[in-house]
Amino acid sequence: MVNNDIVQKLWNLCDVLRDDGINYSDYVTELVLLLFIKMEYENTQSGVMAAHKLPEYARWNYLASLSGLNLLNEYRAMLLKLSAHPDPLISAIYRDAQTRLREPRHLEHLIKSLDGLDWFSAQKDGLGDLYEGLLEKNASETKSGAGQYFNRAR
C-alpha cells in the first residue's frame, strides 16, 4: 500500500469525525493523536524499537481492548496524562491534547480502522508524507467547504 492509498483511507475516516461534529480544522489532530500511539506500538512489536516509550495506560493494545464509554473516558484521561509525561518529546507531542470525540462508537471505529492499515509500507516513504498528505486534503476540503458556504449565502 502506498502513501496515497493510506492518506485516502485516513481521509475517509474523517467521515466518522464529521459525524461526531468535529470540524475540518480538527481532523488531522484527531487522527495524529491516535497515529502516534499506533506507530509506537507497531515499532515495538516489530523490533524497530527495543522497548515501549509510552506508559502501559497509553499503549495501542490497551486502547484496542476497551469499548464504549470506558474507552472514551480512558482515552481522554490518557491524553491528559501524556501532556504531563516526564519524557520531553512525549509531553511536547501531547501538550494541550484533547479529543473532541463525543461518541464512543466513533472512537472504536477509528481504532479498528487504523488497525487494518499497513503502516510498514508507509514508513518506507516517510510518515511525514502521510501528515503532509492529510494537511493537503484538509486544506482542499476547507477551501471547497468555504466556497460552498459563500455560494449558498448569496
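Biologist: Happy to look at this with you! Which residues of α5 are buried?

Modeller: This is a predicted model, so every statement here is about that prediction. Buried means under 20% relative accessible area. In α5, the residues that are buried are Leu71, Leu72, Tyr75, Met78, Leu79 and Leu82.

Biologist: Within what arc do the buried residues of α5 fall, seen down its axis?

Modeller: Looking along the axis of α5, the buried residues line one face of the helix, because their directions stay inside a limited arc. The face turned away from that buried side carries the exposed residues Leu69 and Leu80. The arc that holds the buried residues is 125°.

Biologist: How far apart are the end C-alpha atoms of α5?

Modeller: Helix α5 covers residues 68–83, which is 16 residues. At 1.5 Å a residue, α5 should span 22 Å. The model agrees with that expectation, with its end C-alpha atoms apart by 24 Å.

Biologist: Thanks, now to α3. Which side chain of opposite charge is nearest to Glu40?

Modeller: Glu40 lies in helix α3, residues 24–46, and is buried. Beyond its neighbours within four places in sequence, Glu40 is in contact with Met49, His52, Lys53 and Leu54. A salt bridge needs the charged atoms within 4 Å. Glu40 has no salt bridge, as the nearest side chain of opposite charge is 5.2 Å away, and that is Arg59.

Biologist: One last stop: is Asp96 buried or exposed?

Modeller: Asp96 is found in the loop between α6 (88–93) and α7 (104–115). Its phi is near 60°, a positive value in a residue other than glycine. The cut-off for exposed is over 50%. At 68% relative accessibility, Asp96 therefore counts as exposed.

Definitions and conventions
Residues are numbered from 1 along each chain as its sequence is written. This is a predicted model: local features need pLDDT of at least 70, side-chain atom pairs count only at pLDDT 80 or more; totals for chains, interfaces and linings use all residues. Side-chain values use heavy atoms; hydrogens and water are left out. Helices (H or I, at least four residues) and strands (E, at least two) are DSSP runs, numbered from the N terminus. The expected span of a helix is 1.5 Å times one less than its number of residues. Buried means under 20% relative accessible area, exposed over 50%, partly exposed in between (1.4 Å probe, protein chains only). The arc is that of the directions from the helix axis to the C-beta atoms. Lys and Arg count as positive and Asp and Glu as negative; His and the chain ends are not counted. Contact means heavy atoms within 4.5 Å.
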